[in-house]
Amino acid sequence: MKSYWFDNQIGDQREDHDSARPVDSEYLSKLGILYHHCPSINSVNAIAVERSYKNRDEIVVSPQKMGAMYEEKVKMFFNEHLHEDEEIRYILDGEGFFDVRSVNDEWVRIRLTKGDLIILPAGMYHRFTTDTNNVQ
């Protein structure tokens, strides 16, 4: 996991957009964001039990799995939105970015890779995109 202030430059959303201004894990914690590195699904299962999660789904965001609708879906995920419940995402493979709104209404970009698990609090504005590798 790597987090930093989004650079707000025009370009492909799947680029790094790294402003070279890091955001530390303490700041993410203040926003209510929880991060875990889970080398196995057993770690994810333990967190699910600890937090009393009852539902689970799995989605593969890749051109090979989604076909012609891939580009449309990636653009849809990048639309800013929020959820009434926590959002929990575990990266099984590949890499992607969660952008979250800071207290000053700026975007913080969080790069996640295989084995990373993130929990966003209910009511947090965010968006998601894959990286330029477009996981196979």
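Reader: Which residue in E7 stands opposite Leu-34?
Author: First, this is a predicted model: local features need pLDDT of at least 70, side-chain atom pairs count only at pLDDT 80 or more, and totals for chains, interfaces and linings use all residues. Residues are numbered from 1 along each chain as its sequence is written, and side-chain values use heavy atoms, with hydrogens and water left out. Helices (H or I, at least four residues) and strands (E, at least two) are DSSP runs numbered from the N terminus. Across from Leu-34, in E7, you'll find Ile-119.

Reader: How many bridges join E3 to E7?
Author: Strands count as paired if DSSP finds at least two bridges between them. E7 spans residues 116–120 and runs antiparallel to E3. The number of bridges joining E3 to E7 is four.

Reader: Which are the edge strands of that sheet?
Author: The sheet is open, and its three strands go in the order E3-E7-E4 with antiparallel pairing. An edge strand here pairs on one side only, and that fits 34–37 and 87–90. Those are E3 and E4.

Reader: And at about what angle does helix H2 run to E7?
Author: Axes are lines fitted to C-alpha atoms, for helices over the stretch in contact (heavy atoms within 4.5 Å), and angles run from 0 to 180 degrees between N-to-C directions. Helix H2, residues 41–50, lies across E3, E4 and E7. Its angle to E7 is about 20°.

Reader: How many residues of E5 are buried?
Author: Buried means under 20% relative accessible area, exposed means over 50%, and partly exposed is in between (1.4 Å probe, protein chains only). Strand E5 covers residues 95–101 and is mostly tucked under cover. Of its seven residues, the buried ones number six.

Reader: Which residue in the turn between E5 and E6 has a positive phi?
Author: E5 pairs with E6 (residues 107–113) in the antiparallel sense over seven bridges, and Arg-101 faces Trp-107 in E6. The two strands make a hairpin with five residues between them. The turn residue with a phi of about 65° is Asp-105.

Reader: With which side chain does the side chain of Thr-130 make a polar contact?
Author: Thr-130 is in strand E8, residues 126–130, and its bridge partner is Gly-96. It counts as buried because its relative accessible area is 4%. A polar contact is a pair of N or O atoms within 3.5 Å; within protein, one must be able to donate a hydrogen and the other to accept it, and residues adjacent in sequence count only if both atoms are side-chain atoms. At 3.0 Å, the partner of Thr-130 is Tyr-70.

Reader: What kind of aromatic pair do Phe-77 and Phe-128 form?
Author: Rings of Phe, Tyr and Trp (its six-membered ring) pair if their centres lie within 6.5 Å; planes under 30 degrees apart count as stacked, over 60 as edge-to-face and the rest as tilted. One of the three pairs in the structure is Trp-5 with Tyr-27, at 5.6 Å and 55°, so that one is tilted. Trp-5 is in E1 and Tyr-27 in H1, so this pair ties together parts 22 residues apart in sequence. Phe-77 and Phe-128, at 6.4 Å and 65°, are edge-to-face.

Reader: Which residue's ring has the charged end of Arg-127 over it?
Author: A charge sits over a ring if NZ of Lys or CZ of Arg is within 6 Å of the ring centre and within 35 degrees of the ring normal. Arg-109 lies over the face of Phe-97, 4.2 Å from the ring centre. For Arg-127, at 5.0 Å from the centre, the ring is that of Phe-6.
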